[in-house]
Amino acid sequence: MLARSPYVRVIALDLGKAFDSVRHSTLLHKVSSLPLPDEVCNWIKDFFEYRSHCTRLCEEYSEIIDILASVIQRSALGPATFVINGGDLHPVAEGNDLLKFADDTYLIVPAENSPSCEDELHHIKQWATANNLHLNQSKSAEIIFLPRGTRSTHVEPPSLLTGIKCVNSIKALGVTLSSELSMSAHVCSILESC
């Protein structure tokens, strides 16, 4: 996108407690619509059904309740089922993109589509609500990527999004990127951890 746009807006979206909130009934409906063999669909259904929880404090136990929402994050099915759950989330405006990896979701908007950002966020918020999730705008962040060698003073800044902070660097899937696409912050972070 940077090859044909003066800047690209990337909004790292925070879906609060995403793995804990996925409703089993919604997820299983989405799984059933996939071209999977019946045995696989039934196996996934069996994985999520008849789960319950109780809490123990000292020698006292709470009432046992059924678990109707949540994906076990560190299970083999956790990230895959979360991706299935988010498979029906698509951008509203042509030319925008959504990248999803488990519960990490990134809205990517080229400069010419910048006015569509609020509509995209509204759409994502509606999708999240319909899927028992919550878009936490205060923990989401926006970064504006510029082509290498471009100074930010030569680019007209877009209007700020309501409730989302604009940052100069962002950690995406474990890699720290700066708005100039420099890897120096990532290298420094790795060296500090060594």
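Okay, Ile144: at 17% relative accessibility it counts as buried, where buried means under 20% relative accessible area, exposed over 50%, and partly exposed in between, with a 1.4 Å probe and protein chains only. Ile144 is found in strand β8. Its C-alpha atom and that of Val109 are separated by 9.5 Å, with the two positions 35 residues apart along the chain.

Quick housekeeping. This is a predicted model, so to speak of local features we need pLDDT of at least 70, side-chain atom pairs count only at pLDDT 80 or more, and totals for chains, interfaces and linings use all residues. Residues are numbered from 1 along each chain as its sequence is written, and side-chain values use heavy atoms, with hydrogens and water left out.

Now, the sheet that β8 belongs to. Helices here are DSSP runs of H or I with at least four residues, strands are runs of E with at least two, and both are numbered from the N terminus. Five strands make an open sheet, in the order β6-β7-β1-β8-β9, with mixed pairing. Why do β6 and β9 each have one side without a neighbour in the sheet? Because β6 (97–101) and β9 (165–167) stand at the edges, each with a single partner strand. From one strand to the next, the twist averages 25°. For angles like that, axes are lines fitted to C-alpha atoms, for helices over the stretch in contact, and the angles run from 0 to 180 degrees between N-to-C directions.

Helix α5 packs on this sheet, touching β1 (8–13), β6 and β7 (104–110), and its direction makes about 20° with that of β1. Contact, by the way, means heavy atoms within 4.5 Å. Back at the β9 edge, β8 (residues 141–145) and β9 pair in the parallel sense over three bridges; to count as paired, two strands need at least two bridges found by DSSP. In that pair, Ile143 stands opposite Val167 in β9.

Next, the helices. In α2 (residues 24–32), the buried residues are His24, Thr26, Leu27, Leu28, Lys30 and Val31. And what covers them? The cover includes α3 (38–48), α4 (78–85) and α5 (117–130). Staying with α5, Ala130 has its place in that helix and is exposed, with a relative accessible area of 54%. The C-alpha atoms of Ala130 and Thr26 are separated by 9.4 Å, though the two residues are 104 apart along the chain.

On to the hairpin. Strand β10 (residues 169–172) runs antiparallel to β11, and four bridges join them. Ser169 stands opposite Ser178 in β11, and Ala172 stands opposite Val175. The side chains alternate along β10: Ile170 and Ala172 point to one face and are buried, while Ser169 and Lys171 point to the other and are not. In β11 (residues 175–178), the covered face has Thr176 and Ser178, and the uncovered one has Val175 and Leu177. So which residue takes a positive phi in this hairpin? That's Leu173, near 55°, and the hairpin has two residues between the strands.

While we're on positive phi, there are a couple of loop residues to look at. Tyr50 isn't a glycine, yet its phi is near 60°. Tyr50 sits in the loop between α3 and β2 (52–53). Is Tyr50 buried or exposed? Exposed, at 79% relative accessibility. Then there's Asn132, also not a glycine, with a positive phi of about 60°. You'll find Asn132 in the loop between α5 and β8, partly exposed, with a relative accessible area of 32%.

Let me zoom out to the whole chain. The protein chain has six helices and eleven strands. Its C-alpha trace spans about 60 × 40 × 30 Å along its principal axes. Of its 194 residues, 39% count as buried. Take contacts between residues at least 6 apart in sequence: 67% of those join residues at least 24 apart.

As for the surface, the accessible area comes to about 12000 Å², and 56% of that belongs to carbon and sulfur atoms. Those areas come from the Shrake-Rupley method with a 1.4 Å probe, and for residues only the protein chains shown count as cover.

Last, the charges. The mean positions of the 16 positive and 23 negative charges are 5 Å apart. Lys and Arg count as positive, Asp and Glu as negative, and His and the chain ends are not counted. Each charge is placed at NZ of Lys, CZ of Arg, CG of Asp or CD of Glu.
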